[in-house]
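The exercises below concern the fold and the nonpolar packing of one protein chain. Work through each task with the structure open, then compare with the solution.

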Amino acid sequence: MGLLAKLLAAVGGFVTAVMNSVTDAFLTPPLRATLEHLEETDLKTLSGGESRCCTFKAKSLWENSGAVVMAEAAELSSLKPRLDQLGVPLYAVVKEDVGTEIQNFRPYFQGEIFLDEKRRFYGPRERKMGLLGFLRVGVWMNGLRAFRSGFMGNVLGEGFVLGGVFVIGREQQGILLEHREREFGDKVNIEDVIQAVDRIAQELMPVTQN
C-alpha cells in the first residue's frame, strides 16, 4: 500500500504540475504596483464603514500608521489582534458591490471594507483567471477550504479578477510587501506579512548616536 500511495502521489503531482503549466501560459503576468499608483486611488466607504466620508484617497489609509490592505481576501483576519498591538490597521478593498456579497463577507473580516470602482488595487495590469482556472487542483482545494469555512467568493460580475495583499508603510516607506494571487484563493504567507508589518515600526525608529 505504501508503494501504491507514493506512486499515486507522484502521478497526482505530475498531473498538477502539467495543468498549472498549461493554465499559467494563458495567465497575464502581474505588473508590480507603485506607491504613486495606489495612493491616488479613489475609495468609497460602504454601508457600515466608520468615520470616513463617502469618497477619499487611499493614501489616507496608511500615511500615518501604515496598513495591510487586502484585495479580495478574508484570510488575514486572524492577524488583527497582532496588528492592533502594533498600531497597524487592516483593510479590505473590493472591486464591486454585487447583491449581498459585502454583507456575506463582513462576518469573515475584522476590518473596514472599501470599494475600488476603478480597480486600481487589482492593477496596474489587471489579471483574470477564466474557466481554465478550474483545471487547477489548487483552485478546487482553495474552494473547498472556503466552503468549509462558510464563505464563498463572488461568482457574479467580475468574479474572475485576481486580487492580492499589500503591506504599505507610513509616509514614503513605500510598499513593503506585494502578494498577487496566482489562482483563486491563493493565500499570502502569514509570516511574510508579519515581517513586513514589523518593518513599519523598525524603519522609523530613531538612530541612536554613540
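**Exercise 1.** Which residues of the largest nonpolar core touch the most other members?

*Solution.* The structure is a predicted model, in which local features need pLDDT of at least 70 and side-chain atom pairs count only at pLDDT 80 or more, while totals for chains, interfaces and linings use all residues. Residues are numbered from 1 along each chain as its sequence is written, and side-chain values use heavy atoms, without hydrogens or water.

Step 1. Fix the terms. A nonpolar core is a set of buried Ala, Val, Leu, Ile, Met, Phe, Trp, Tyr and Cys residues joined through side-chain atoms within 4.5 Å; buried means under 20% relative accessible area (1.4 Å probe, protein chains only).

Step 2. Read off the members. The largest core has 25 residues, and Val-68, Leu-76, Ile-113, Val-167 and Val-193 touch the most others.

Step 3. Assign elements, taking helices (H or I, at least four residues) and strands (E, at least two) as DSSP runs numbered from the N terminus. Two or more residues come from each of strand 3, strand 4 (90–94), helix 4 (101–105), strand 5 (112–115), strand 6, strand 7 and helix 6. Helix 6 gives the most, with five residues.

Step 4. Look for a further core. Another one, of 19 residues, lies apart from the largest; Leu-35, Ala-58, Trp-62 and Tyr-91 are among its members.

**Exercise 2.** List contacts of Val-68, leaving aside neighbours within four places in sequence.

*Solution.* Contact means heavy atoms within 4.5 Å. The partners of Val-68 include Leu-76, Leu-83, Val-165, Val-167, Val-193 and Val-197. Tyr-91 is also one of the partners of Val-68, although Tyr-91 belongs to the 19-residue core.

**Exercise 3.** Determine the strand order of the sheet, then place helix 6.

*Solution.* Step 1. Two strands pair if DSSP finds at least two bridges between them. The seven strands form an open sheet in the order 2-1-5-4-3-6-7, with mixed pairing. Strand 2 (55–57) and strand 7 (175–180) are the edges, each pairing on one side only.

Step 2. Check one pair. Strand 1 (residues 42–45) and strand 2 run antiparallel and are joined by three bridges; in this pair Leu-43 stands opposite Phe-56.

Step 3. Add the helix. Helix 6 (residues 190–202) packs on the sheet and touches strand 3 (67–71), strand 6 (164–168) and strand 7. Its direction makes about 160° with that of strand 7, where axes are lines fitted to C-alpha atoms, for helices over the stretch in contact, and angles run from 0 to 180 degrees between N-to-C directions.

Methods: Buried < 20%, exposed > 50% of the residue type's maximum accessible area, 1.4 Å probe, protein only.
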